[in-house]
Every structure is written in structure tokens, then in C-alpha cells.
Amino acid sequence: MECEEHIGFAVKSLNNQLRRTMDQRVQECGLTGMQGMLLGYLYDCMQAGREIFQRDLERDFGIRRSTVTGVLQLMEREGLILREAVAEDARLKRLKLTEKAYEKHRQMGDKLEEIERQMRRGLSEDEIRMFFALVRRIEKNLG
């Protein structure tokens, strides 16, 4: 008797494997998974000209203040971020990336491109287009 395959289980399994691979590659850059996510987020916000504060990270990532504080303190000690006081409110600290952080972001980008190439290996362009068409259709079915 054959076991029925389930799309949800396959997607979850693939997601777990992808997350492990991404965490491993980010660690090769000398960052934790959380540091890598925050670095990418801060980079994107700074590129958009948006000022970012700790409370933004708490809200946007849905994590506690103590968790964000610990990660930011470590990133500051490692020379990845600076906290600048805001003239209007001394309690607020604007977050800024350092040159070292920009270099780490570039390294992470290289690692993510590597993972993308690895996932596409052995797939034809038609298979890749079909994959994305199926994903969009499943998303539509669920939405």
C-alpha cells in the first residue's frame, strides 16, 4: 500500500531544509541567523532612506524588547551597528550599519546566491517556470 504525498508536508519539509542551509551559510559569514535577518532588514531600510529604532525591530519581527536588546548589544560589540542618540528624544537610539556590516551583508548576498544556484541545479528553465506557476496557484487556492 502506497502512502499518499501531501503538499503541505513537502513544503514544510523543504522549508526546514532551506532554513538549515541558510543558517549554516550565514554562520559561515560569522553571524547568527537572527543577526543575519536583522542585518538584512536594517540594510533594506537604510537603502530606502528610513530611520530605524529598536522598537521598529520589536514590532516588525514580533520579538520581545529583551531579545532585541541582547542581539543589538552583541552586534554593537562586534562592530556591526552604531546607536545614535536622537536630539528630540534622548531615550531613542537610531540604528546605523557600519562598514563591517555592509561587508557582511555582501558576503551574505553571495551565500544566498550560492543557495539559489544550488536549488536550481539540474532544473530546466521550463521546470523553474512551472514551479513558480504552481506556487502562485497554491497561494491563490489558500488565499
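These are my notebook entries on a predicted model, taken one topic at a time.

**Entry 1: helix H1 against helix H5**

I began with the packing of H1 (7–28) on helix H5, which covers residues 99–120. The two helices pack at an angle of about 145°, and I noted that their axes lie 9 Å apart. Looking at the handedness, I found that H1 passes H5 in a right-handed crossing. On the H1 side the contact is made by Leu18, Thr21, Met22, Arg25, Val26 and Glu28, while H5 contributes Met108, Lys111, Leu112, Glu114, Ile115, Gln118 and Met119.

**Entry 2: a salt bridge in that contact**

Next I looked up the charged pairs, for which the count comes to 15 salt bridges. One of them joins Arg25 to Glu114, with the closest N and O atoms 3.7 Å apart. Because Arg25 belongs to helix H1 and Glu114 to helix H5, this pair ties together parts that are 89 residues apart in sequence. I then asked of Arg25: is it buried or exposed? Its relative accessible area is 14%, and since buried means under 20%, Arg25 is buried. Glu114, with a relative accessible area of 33%, is partly exposed.

**Entry 3: a salt bridge between strands**

I moved on to Arg94 and Glu84, which form a salt bridge whose closest N and O atoms are 3.3 Å apart. Arg94 lies in strand E2 (residues 89–97) and Glu84 in strand E1 (residues 81–86), so here the pair ties together parts that are 10 residues apart in sequence. For accessibility I wrote down that Arg94 counts as buried at 15%, whereas Glu84 counts as partly exposed at 32%.

**Entry 4: a salt bridge within H5, and a network**

Returning to helix H5, I found a salt bridge between Asp110 and Arg106, with the closest N and O atoms 2.6 Å apart. Both residues lie in H5, four residues apart, which is about one turn of the helix. As a reminder to myself, an α-helix has 3.6 residues a turn, so residues three or four places apart point the same way. Asp110 counts as partly exposed at 36% relative accessibility, and Arg106 is likewise partly exposed, with a relative accessible area of 42%. I also asked which residues are joined into one network by salt bridges that share partners. They are Arg25, Glu28, Lys111 and Glu114, and each of these also appears in the contact between H1 and H5.

**Entry 5: helix H3 and its surroundings**

For helix H3 (residues 54–61), I looked up the buried residues, which are Gln54, Asp56, Leu57 and Glu58. What do the buried residues of H3 pack against? I found that they pack against helix H2 (33–47), helix H4 (65–77), E1 and E2. Just after H3 comes Gly62, for which I noted a positive phi of about 65°.

**Entry 6: a nonpolar patch on the surface**

Last, I turned to the surface, where Ile7, Val11, Ile138 and Leu142 make a nonpolar patch of about 410 Å². The elements that give two or more residues to this patch are helix H1 and helix H6 (125–142). I looked more closely at Leu142, whose place is in helix H6. With a relative accessibility of 72%, and because exposed means over 50%, Leu142 counts as exposed.

Key: Residues numbered from 1 in each chain as written. Predicted model: local features only at pLDDT ≥ 70, side-chain atom pairs only at ≥ 80, totals over all residues. Heavy atoms only, no water. Patch = residues over 30% accessible without salt bridge, like charges linked within 9 Å, V, L, I, M, F, W, Y side chains within 5 Å. Areas by Shrake-Rupley, 256 points an atom, 1.4 Å probe, with all protein chains shown as cover. Salt bridge = Lys/Arg side-chain N within 4 Å of Asp/Glu carboxyl O. Buried < 20%, exposed > 50% of the residue type's maximum accessible area, 1.4 Å probe, protein only. Axes fitted to C-alpha atoms, helices over the stretch in contact; angles between N-to-C directions. Left-handed = near helix turned anticlockwise from the far one by under 90°. Contact = heavy atoms within 4.5 Å.
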